[in-house]
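These notebook entries record what I looked up in one structure. I took up its pockets and then its helix packing.

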Amino acid sequence: MTHVHFGKSLGFVAGGIGDQIYHLTQLRALASASLNGKIDLACIHPGSIATLLANSPWAGNIIDARPLRRYIPALRGTGTVSEIRQAGYRSAFILHRSTSFKLSALTAGIPYRVGFYGQWLDQLILTESLPAGAGGDRRALWGHRPFIAAADEWIAAQNLVLDDKTPTIMPAPEMVATVANFLAHLPRPITIVNVFAADPARRWTLDHASATLKNLAHQLGGSLLLNAGPDAASYHDAMLEQWDGPADQLIDSLRYAPSLARDIALYHAADGYVGVDSFTANLAFNCNLPATVLFAKAGDRLRYKPAVFPLFPDAGKGLDSISPDDIIDQCTKMLQAPR
């Protein structure tokens with residue numbers, strides 16, 4: 001039972017787009033104790049976040065927080081702070097260590113401010129500070145981002161629920177129909193595959209990926225759907241050129257009217273995900289798609305959602321040192337996981 005009421009609330013998140021969606025389960029829990037069951041969100045990727053959350057009933061307005069990244073009162077970001085002040089927020093949740101966001105919330109006159117403690121000034125700005133060392137057992141779920149567990153612990157202490165059973169990101173109804181038509185002729189299971197990451201250390205080498213996926217297709221059948229952002233196009237082309245498995249079993253989704261809205265529906269319709277640590281992996285988590293994820297090192301491992309099957313190489317080695325049999329074994333378990 002909820003015993004707290006935060007009034008009109010604003011959440012702040014930052015980092016890459018993948019970093020920002022780490023907090024969606026937390027934000028939804030905070031929305032449940034906020035005005036009308038919604039929470040507005042200030043973020044530095046407003047267009048993408050607006051698309052991701054367009055059909056999530058707990059998400060309110062999306063505010064462009066880019067002017068606040070180096071906020072200086074009376075000099076920088078004052079227009080955005082004025083807009084926030086006029087909105088009349090009663091509570092702010094700063095789910096980032098940025099002091100600028102905390103100072104923005106203070107200057108905007110938001111009376112209740114909760115956030116991560118990053119430096120001494122934060123304790124003066126915040127009504128409640130969440131120490132980086134807090135979080136208890138939840139810290140093990142967040143890899144090299146253990147400070148995020150402090151928010152998990154604080155939210156639970158407010159008698160709010162971190163709901164892992166309901167996706168935080170929901171598809172648009174029209175995209176559900178479009179994707180259903182796209183997938184209708186494909187054999188199941190349908191496994192989303194991402195081999196590409198902008199960071200070469202997190203990229204799945206083509207030789208290893210091709211050999212592994214060929215064995216995966218042979219043992220588990222179904223369809224393998226390459227999926228990533230448009231920056232992966234040339235890597236996908238190279239992957240398809242190298243592929244010597246069944247020609248119709250590996251499909252490049254970038255060749256079929258790609259969009260973020262379509263991918264959301266795709267992740268809801270698929271049976272599993274296998275691929276690298278990336279935005280797509282976090283999209284899978286938040287669409288409650290069971291996921292086998294290849295992390296570059298043990299410290300990167302994320303398990304903040306229950307149906308995550310992590311793999312990582314020994315220290316000093318690359319992803320191509322992970323046994324294909326181990327990947328296939330994890331995928332077998334993944335496809336049996338409840339959703």
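Entry 1, lining of the largest pocket. I sorted the lining by residue class and found nine nonpolar, seven polar and eight charged residues. I note here that the model is a predicted one. The lining comprises 24 residues. Those nearest the centre of the pocket are Ala197, Arg202, Asp277, Ser278 and Phe279. I then looked for helices that contribute to this lining: H1, spanning 17–21, and H12, spanning 279–286, each provide at least two residues. For the volume I recorded about 420 Å³.

Entry 2, second largest pocket. I noted a space of about 280 Å³ for this pocket. Its lining consists of 15 residues, and Gly229, Pro230, Leu260, Asp263 and Phe279 are the closest to its centre. Phe279 thus appears in both of my lists of central residues, that of the largest pocket and that of the second largest. By class, I entered nine nonpolar residues, five polar and one charged for the second lining. Helix H11 (260–269) gives at least two residues to it, and H12 likewise gives at least two.

Entry 3, H9 against H10. I turned next to helix packing. Which angle do the axes of H9 and H10 make where they cross? I recorded roughly 55 degrees for H9 (residues 206–220) and H10 (residues 233–242), whose axes come within 10 Å. The two helices are therefore oblique to each other. I entered the crossing as right-handed. On the H9 side, the contact is formed by Leu206, Asp207, Ala209, Ser210 and Leu213. On the H10 side, Tyr235, Ala238, Met239 and Gln242 take part. I classed the residues of this contact as six nonpolar, two polar and one charged.

Entry 4, H2 against H7. I looked up a further pair, H2 (residues 24–31) and H7 (residues 149–157), and found their axes 10 Å apart at an angle of about 25 degrees. Since angles under 35 degrees count as roughly parallel, H2 is therefore roughly parallel to H7. Is the crossing of H2 and H7 left-handed or right-handed? I recorded it as left-handed. From H2, I listed Gln26, Ala29 and Leu30, which meet Ala151, Asp152, Trp154 and Ile155 of H7. The class count for this contact came to five nonpolar residues, one polar and one charged.

Key:
Residues numbered from 1 in each chain as written. Predicted model: local features only at pLDDT ≥ 70, side-chain atom pairs only at ≥ 80, totals over all residues. Heavy atoms only, no water. 1 Å grid on protein atoms, 1.4 Å probe; cavity = no way out; pocket = protein on both sides within 12 Å on 5 of 7 lines; lining within 4 Å. Points joined across faces, edges and corners; volume = space filled by probe spheres on them. Nonpolar A, V, L, I, M, F, W, Y, C, P; charged D, E, K, R; others polar. Axes fitted to C-alpha atoms, helices over the stretch in contact; angles between N-to-C directions. Parallel < 35°, antiparallel > 145°, perpendicular 65-115°, else oblique. Left-handed = near helix turned anticlockwise from the far one by under 90°. Contact = heavy atoms within 4.5 Å.
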